[in-house]
Amino acid sequence: SINGSYHWLVDALGMYHPQTWEFSRCSVSCNVMSKRRLNKLVMGKYVNGWDDPRLLTLEGLRRRGYTSTSINAFCEGIG
């Protein structure tokens with residue numbers, strides 16, 4: 001694991017061992033993914049909130065009709 005020495009040290013000191021999650025940025029071409037840019041669109045009223053179907057947000061995908069199962073399967077499929 002990438003955090004092997006960290007986990008070893010925490011175990012050796014008998015400290016609380018938090019569960020860590022590692023993830024990376026999902027880049028989808030021809031879509032705005034930056035939270036800062038999405039916020040500009042939402043605050044500038046260019047879109048109808050964070051659940052606008054044109055946005056590639058979880059709320060937007062749900063509003064398009066995608067289920068949580070299909071979103072999770074997509075994320076698992078791309079790694």
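**Figure 1. Leu13 sits in helix 1, which spans residues 4-13.** The model shown here and in the views below is predicted. Leu13 counts as exposed because its relative accessibility is 53%, and the cut-off for exposed is over 50%. Leu13 shares a nonpolar surface patch with Trp8, Leu9 and Met15. The patch covers about 470 Å².

**Figure 2. Ser5 is another residue of helix 1.** Its relative accessible area is 61%, so Ser5 is exposed. How far apart are the C-alpha atoms of Ser5 and Cys26? They are separated by 27 Å. Along the chain, Ser5 and Cys26 are 21 residues apart. Cys26 appears again in the next view, as one of the residues that lie nearest the centre of the largest pocket.

**Figure 3. The largest pocket holds about 820 Å³ of space.** Rolling a probe the size of a water molecule over the atoms shows where empty space is left. In this model, 25 residues line the largest pocket. Which of them lie nearest its centre? They are Cys26, Met33, Leu58, Ile71 and Cys75.

Three helices each supply at least two residues of the lining: helix 2 (35-43), helix 3 (58-64) and helix 4 (68-78). Helix 4 gives the most, with seven residues. By residue type, the lining of the largest pocket divides into 15 nonpolar, six polar and four charged residues.

**Figure 4. Ser24 lies in the loop between helix 1 and helix 2.** Is Ser24 buried or exposed? Ser24 is exposed, because its relative accessible area is 61%. The partner in this view is Gly79. Ser24 and Gly79 are 55 residues apart along the chain. Their C-alpha atoms are separated by 9.5 Å.

**Figure 5. A salt bridge joins the side chains of Asp51 and Arg63.** The N to O distance is 3.7 Å. This pair links distant parts of the chain, with the two positions 12 residues apart in numbering: Asp51 is in the loop between helix 2 and helix 3, and Arg63 is in helix 3. Asp51 has 32% relative accessibility and therefore counts as partly exposed. Arg63 also counts as partly exposed, because its relative accessibility is 49%. A search of the whole structure finds two salt bridges. The other view of a salt bridge follows.

**Figure 6. The side chains of Asp52 and Arg54 meet in a salt bridge.** Here the N to O distance is 2.9 Å. Which partner is buried, and which is exposed? Asp52 is buried, because its relative accessible area is 2%. Arg54 has 53% relative accessibility, so Arg54 counts as exposed.

**Figure 7. Cys30 has a positive phi although it is not a glycine.** Most residues other than glycine have a negative phi. The phi of Cys30 is about 65°. Cys30 belongs to the loop between helix 1 and helix 2. With a relative accessible area of 83%, Cys30 is exposed.

**Figure 8. Lys45 also has a positive phi and is not a glycine.** What is the phi of Lys45? The value is about 60°. Lys45 is placed in the loop between helix 2 and helix 3. Its relative accessible area is 71%, so Lys45 is exposed.

**Figure 9. Lys35 lies in helix 2.** Lys35 is exposed because its relative accessible area is 68%. Thr57 is 22 residues away from Lys35 in sequence. In space, Lys35 and Thr57 are 9.7 Å apart, C-alpha to C-alpha.

**Figure 10. Arg36 is found in helix 2.** Its relative accessible area is 53%, so Arg36 is exposed. Where does Gly60 stand relative to Arg36? Arg36 and Gly60 are 17 Å apart in space, C-alpha to C-alpha. In sequence, Arg36 and Gly60 are 24 residues apart.

Notes: Residues are numbered from 1 along each chain as its sequence is written. This is a predicted model: local features need pLDDT of at least 70, side-chain atom pairs count only at pLDDT 80 or more; totals for chains, interfaces and linings use all residues. Side-chain values use heavy atoms; hydrogens and water are left out. Patches are made of residues with over 30% relative accessible area and no salt bridge: like charges are joined within 9 Å, nonpolar side chains (Val, Leu, Ile, Met, Phe, Trp, Tyr) within 5 Å. Accessible areas come from the Shrake-Rupley method with a 1.4 Å probe; for residues, only the protein chains shown count as cover. A salt bridge is a side-chain nitrogen of Lys or Arg within 4 Å of a carboxyl oxygen of Asp or Glu. Helices (H or I, at least four residues) and strands (E, at least two) are DSSP runs, numbered from the N terminus. Buried means under 20% relative accessible area, exposed over 50%, partly exposed in between (1.4 Å probe, protein chains only). On a 1 Å grid over the protein atoms alone, a cavity is a set of points where a 1.4 Å probe fits but cannot get out, and a pocket is an open set with protein on both sides within 12 Å along at least five of seven lines; lining residues have an atom within 4 Å of a point. Grid points are joined across faces, edges and corners, and a volume is the space filled by probe spheres set on the points. Ala, Val, Leu, Ile, Met, Phe, Trp, Tyr, Cys and Pro count as nonpolar, Asp, Glu, Lys and Arg as charged, and the others, Gly among them, as polar.
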